[in-house]
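Thank you all for making the time this morning. I would like to walk through one model with you, going from a single helix outwards to its surroundings and then to a few individual residues.

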Amino acid sequence: MESLALHSFSTATTSFSLFSRNSLYLRSKPICRSSPSVIPNSSFPTLRSSLNPLLFSPLPKPSKTHFSPVLATSKDDSLPHQTPSPAPSPPQGAKPIAFFISIAIGLIVRFVVPKPVAVSPQGWQLLAIFLSTIAGLVLSPLPVGAWAFLGLTTCIVTKTLSFSTAFGAFTNEVIWLIVISFFFARGFVKTGLGDRIATYFVKWLGRSTLGLSYGLTFSEALIAPAMPSTTARAGGVFLPIIKSLSLLAGSKPGDRSSKRLGSYLVQAQFQSSSNSSALFLTAAAQNLLCLKLAEELGITIANAWVSWFMAASLPAFVSLLATPLILYKLCPPEVKDTPEAPAMAAMKLETMGPVSRNEWVMMTTMLLAVSLWVCGDSIGIPSVVAAMIGLSTLLLLGVLDWDDCLSEKSAWDTLAWFAVLVGMAGQLTNLGVVTWMSDCVGKLLQTLSLSWPAAFGVLQAAYFFIHYLFASQTGHVGALYSAFLAMHLAAGVPGVLAALALAYNTNLFGALTHYSSGQAAVYYGAGYVDLPDVFKMGFIMALSNAAIWGVVGTFWWKFLGLY
């Protein structure tokens with residue numbers, strides 16, 4: 001999901017937290033397709049050359065000029081040259097401060113805070129371990145998967161959970177659906193199908209800067225349900241196209257010229273991507289986790305794929321239409337017209353040639369998978385089985401090979417730590433801890449005399465803006481989704497409405513800051529947007545999305561009968 005968010009395109013999951021933001025510079029290099037760039041940084045005319053076919057290929061990030069003192073050289077060559085001292089080796093093992101804070105939280109809950117009468121000793125001990133695990137997700141004393149494994153081991157060693165119970169969530173269907181989704185995203189990038197689709201939209205809508213932004217936005221919405229990683233879509237498809245178009249217009253990263261075109265395109269695509277992920281259940285891995293956690297609290301959504309899309313469709317479409325236009329007014333590009341973009345796209349498509357066999361297979365397989373996700377319940381095919389059929393087809397026909405699956409490290413890392421969190425959350429529900437928490441919140445809300453619509457608004461806003469403290473969408477879900485859903489239920493909010501609204505917000509706050517999600521780090525790392533602008537536009541667009549989803553969603557969800 002990179003931060004704690006899922007990086008399905010990346011080969012490893014990089015963690016950083018609120019307390020180690022300086023690690024962002026390690027991620028400033030955008031996640032790109034592996035094919036080398038053929039566009040020199042200093043030679044823009046090659047973008048128009050017919051001899052340079054990969055016009056939208058990923059570009060290496062231009063090196064920034066660093067000014068440092070220049071030592072005057074002596075005329076006496078006999079003076080010895082100083083040899084720079086070797087850089088210190090990085091620390092090994094857990095980060096001490098983050099480790100001790102995370103452990104201390106669990107120990108305080110277990111041995112200092114009095115156990116409520118309504119909670120069993122086993123449930124209270126599991127809660128202490130769970131809170132230590134969540135603290136580690138935020139503070140990152142170890143990589144996410146490693147820290148989750150320590151939490152799982154602690155549950156078994158302390159006999160809080162049996163071995164079979166602790167590992168029970170590893171057979172969860174939703175978690176395996178998420179893992180297989182990573183492999184689908186790799187297939188989209190490997191075959192170039194996502195790149196081709198986006199290039200067609202540039203050709204059709206790219207004559208003006210605003211039209212170009214809409215073309216990129218609509219193309220992402222189109223491929224989102226079959227490419228369930230916003231980070232992979234950002235780094236593997238859209239950022240390379242944006243960088244190529246920006247350089248053609250003389251808009252360079254880390255330069256005053258960035259506002260000619262690149263700054264606007266990056267901001268518009270970044271903010272629009274959150275709505276694309278919210279539109280479809282399979283557009284982001286955290287969506288599936290949200291529904292699984294809702295099931296643990298007894299909220300089951302029939303025909304989940306269709307129900308999710310129907311509830312999200314109208315507010316998401318309105319936001320997708322409004323976002324490029326709002327940003328066009330707030331941070332207008334200096335270049336208003338891009339007549340070269342359609343010609344570039346046409347040249348790129350001509351160079352790519354006809355749709356390859358692997359692209360046809362990928363397209364057909366994903367259409368089959370999406371069709372089964374939509375109507376599979378009516379014919380008895382669960383979503384995970386549909387995904388397994390799709391992956392088996394890609395393996396049999398050679399679009400993906402097993403090495404592709406093995407090298408998708410973030411998929412296997414996700415399997416490990418998602419299963420741990422889901423398993424712990426499920427056992428907390430079974431042991432009555434979540435029921436006790438929801439009862440406490442319900443009593444508090446009763447004393448405040450809040451109606452359920454007022455409580456709904458307050459809890460949704462709190463869930464959204466608390467993401468400033470998180471560097472991960474999935475980490476946020478694992479830490480707070482169940483608790484906030486329980487609060488909604490205690491306040492009398494209809495269950496399906498509460499579950500879906502929290503899940504939609506999980507996608508929308510992914511564009512809040514430069515560390516709020518995997519795609520945030522990708523787009524910010526491109527170098528076209530200054531950090532103050534990221535925070536400013538993130539907050540403004542958060543208010544815009546809240547207004548659109550709040551107003552349009554209220555009437556639409558009433559029409560659909562969600563309340």
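Before I start, a residue is called buried here when its relative accessible area is under 20%. Please also keep in mind that this is a predicted model.

With that cut-off in hand, let me begin at helix 21, residues 518–525, which is mostly covered, since seven of its eight residues are buried. Those buried residues are Gly518, Gln519, Ala520, Ala521, Val522, Tyr523 and Gly525. What covers the buried residues of helix 21? The cover includes helix 7 (209–223), helix 8, helix 9 and helix 19 (473–490). Following helix 21 there is Gly527, and the phi of this glycine is positive, near 90°.

Two of the covering helices, helix 8 (230–248) and helix 9 (262–279), are joined by a loop, and in that loop we find Ser258. Is Ser258 buried or exposed? Its relative accessible area is 7%, and Ser258 is therefore buried. If we leave aside neighbours within four places in sequence, the contacts of Ser258 are Ser251, Lys252, Ser263 and Tyr528.

Let me turn now to the nonpolar interior. The largest nonpolar core has 159 residues, and the members that touch the most other members are Trp373, Tyr481, Leu485 and Tyr504. Helix 5, residues 173–191, supplies the largest share of this core, namely twelve residues. As for Tyr504, and again not counting residues up to four places away in sequence, this tyrosine touches Ala278, Trp308, Ala311, Ala312, Trp549 and Trp557.

Helix 5 deserves a second look on account of its packing. In general, two packed helices are described by the angle between their axes and the distance between the axes. Helix 5 packs with helix 16, residues 409–430, at an angle of about 165°, and their axes are 9 Å apart. Because angles over 145 degrees count as roughly antiparallel, helix 5 is roughly antiparallel to helix 16. The two helices, 5 and 16, cross in a right-handed sense. On the helix 5 side, the residues that meet helix 16 are Ile175, Trp176, Ile178, Val179, Phe182 and Phe183, while helix 16 contributes Ser410, Ala411, Trp412, Thr414, Leu415, Phe418, Ala419 and Val422.

Next, a pair of residues with partners far along the chain. Asn507 lies in helix 20, residues 495–508, and its relative accessibility is 0%, so Asn507 counts as buried. Although Asn507 and Ala284 are 223 residues apart along the chain, their C-alpha atoms are separated by 8.1 Å. Beyond its neighbours within four places in sequence, Asn507 is in contact with Ser274, Ser277, Ala278, Ala284, Gln286, Asn287, Trp308 and Gln473.

Asp439, by contrast, sits in helix 17, residues 433–448, and with a relative accessibility of 43% Asp439 counts as partly exposed. Between Asp439 and Ala491 there are 9.4 Å in space, C-alpha to C-alpha, with the two residues 52 apart in sequence.

I will finish with the cysteines. How many disulfides does the structure hold? The structure holds zero disulfides. Two of the cysteines can be placed by their accessibility: Cys155 has a relative accessible area of 1% and is therefore buried, and Cys405, at 1% relative accessibility, likewise counts as buried.

Terms used: Residues are numbered from 1 along each chain as its sequence is written. This is a predicted model: local features need pLDDT of at least 70, side-chain atom pairs count only at pLDDT 80 or more; totals for chains, interfaces and linings use all residues. Side-chain values use heavy atoms; hydrogens and water are left out. Helices (H or I, at least four residues) and strands (E, at least two) are DSSP runs, numbered from the N terminus. Buried means under 20% relative accessible area, exposed over 50%, partly exposed in between (1.4 Å probe, protein chains only). Contact means heavy atoms within 4.5 Å. A nonpolar core is a set of buried Ala, Val, Leu, Ile, Met, Phe, Trp, Tyr and Cys residues joined through side-chain atoms within 4.5 Å. A disulfide is a pair of cysteine sulfur atoms within 2.5 Å. Axes are lines fitted to C-alpha atoms, for helices over the stretch in contact, and angles run from 0 to 180 degrees between N-to-C directions. Angles under 35 degrees count as roughly parallel, over 145 as roughly antiparallel, 65 to 115 as roughly perpendicular and the rest as oblique. A crossing is left-handed if the near helix is turned anticlockwise from the far one by less than a right angle, and right-handed if clockwise.
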